Amino acid sequence: MLTTRKLGSQGLTVSALGLGLMGMSYAYGTADERDDRESVATIHRAIELGCTFLDTAEAYGPYKNEELLARALRELEGGRDRVIIATKFGFRFDERGVIAGMDSRPAHIREAVEGSLRRLATDRIDLLYQHRVDPKVPIEDVIGTMADLVRAGKVRYLGLSEAGEKTIRRAHGVHPISALQSEYSLWERNLEPRIIPLLRELGIGLVPFAPLGRGFLTGAVRRAEEYPEGDYRRGDPRYQGENFDANVRRSPAPSGGAISKRMSARQRCV
């Protein structure tokens, strides 16, 4: 059984390690490489080990990832009540399902949440994030709408993703924010100077995503051009040219050493 952590000061308790589901439906590898049966088995095993904080989003697929999670929970006795589900809204998609821009208008938030509830086959979202800050919509309007959903019982706690200091402070002034989700790892430390102190001041939890550097810190990394079209890492500057070479030199275990192996063993619940 894994230990637990409190996210924020509003009462949300989660497993200390969470399982990010994005790569099961989106961003890494190709559709032909993904195996829904293996993904469902991974979700089941994570829950058995006590890793019950599960992270998804409407954008992953889009939509397919939430449906995959619902399927996994249906196949597990008492599955929904054993987990904390976090999902996100904030994008609009074109007819091909490709992200076509941000959209956090109040009407769209309500529509997105209804869609997530339907796909997740649940009556509540435990932690709802704004996936990315929409510069066209005041954060007060966004959080006000999210707070309405809390009062309606459709959402329990609120979060932000990749938000800056001013946005976090303004959002928290409308309704308590329980968690900020942002990239944070051994090679991504930009939260430390200003964001982490602010979170401590306001009593907001941090959910670090990509703790293994999108695979870079596992020792099983390749150059950007070696990943297939559509793989996020193909367009990541950190994987390209001289940047890649410099990062490999500074990596704690670029060739699969002891640190890398220990990280890989934990990856199933990160």
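How many strands form the open sheet, and in what order do they lie? In this predicted model, seven strands build the sheet, and reading across it gives the order β3-β4-β5-β8-β9-β10-β11. The pairing is parallel. The two edges of the sheet are easy to find: β3 (18-20) and β11 (205-209) are the edge strands, and each of them pairs on one side only. Neighbouring strands of the sheet are not perfectly aligned, being turned by 25° against each other on average, with direction ignored.

A look at one edge shows how such pairing is put together. Strand β10 (residues 179-183) pairs with β11 in the parallel sense, and five bridges link the two. To pick out one of these on the structure, start at L180, whose bridge partner in β11 is L206.

The helices offer a second feature to explore. Helix α4 (residues 139-151) packs with helix α5 (residues 165-174) at an angle of about 40°, and the two axes are 9 Å apart. Because of this angle, α4 counts as oblique to α5. The crossing in which α4 passes α5 is right-handed.

Which residues make up this helix contact? On the α4 side they are I139, E140, I143 and G144, and these meet T167, R170, A171 and V174 of α5. Sorted by class, the contact of α4 with α5 brings together four nonpolar, two polar and two charged residues.

Technical notes:
Residues are numbered from 1 along each chain as its sequence is written. This is a predicted model: local features need pLDDT of at least 70, side-chain atom pairs count only at pLDDT 80 or more; totals for chains, interfaces and linings use all residues. Side-chain values use heavy atoms; hydrogens and water are left out. Axes are lines fitted to C-alpha atoms, for helices over the stretch in contact, and angles run from 0 to 180 degrees between N-to-C directions. Helices (H or I, at least four residues) and strands (E, at least two) are DSSP runs, numbered from the N terminus. Angles under 35 degrees count as roughly parallel, over 145 as roughly antiparallel, 65 to 115 as roughly perpendicular and the rest as oblique. A crossing is left-handed if the near helix is turned anticlockwise from the far one by less than a right angle, and right-handed if clockwise. Contact means heavy atoms within 4.5 Å. Ala, Val, Leu, Ile, Met, Phe, Trp, Tyr, Cys and Pro count as nonpolar, Asp, Glu, Lys and Arg as charged, and the others, Gly among them, as polar. Two strands pair if DSSP finds at least two bridges between them.
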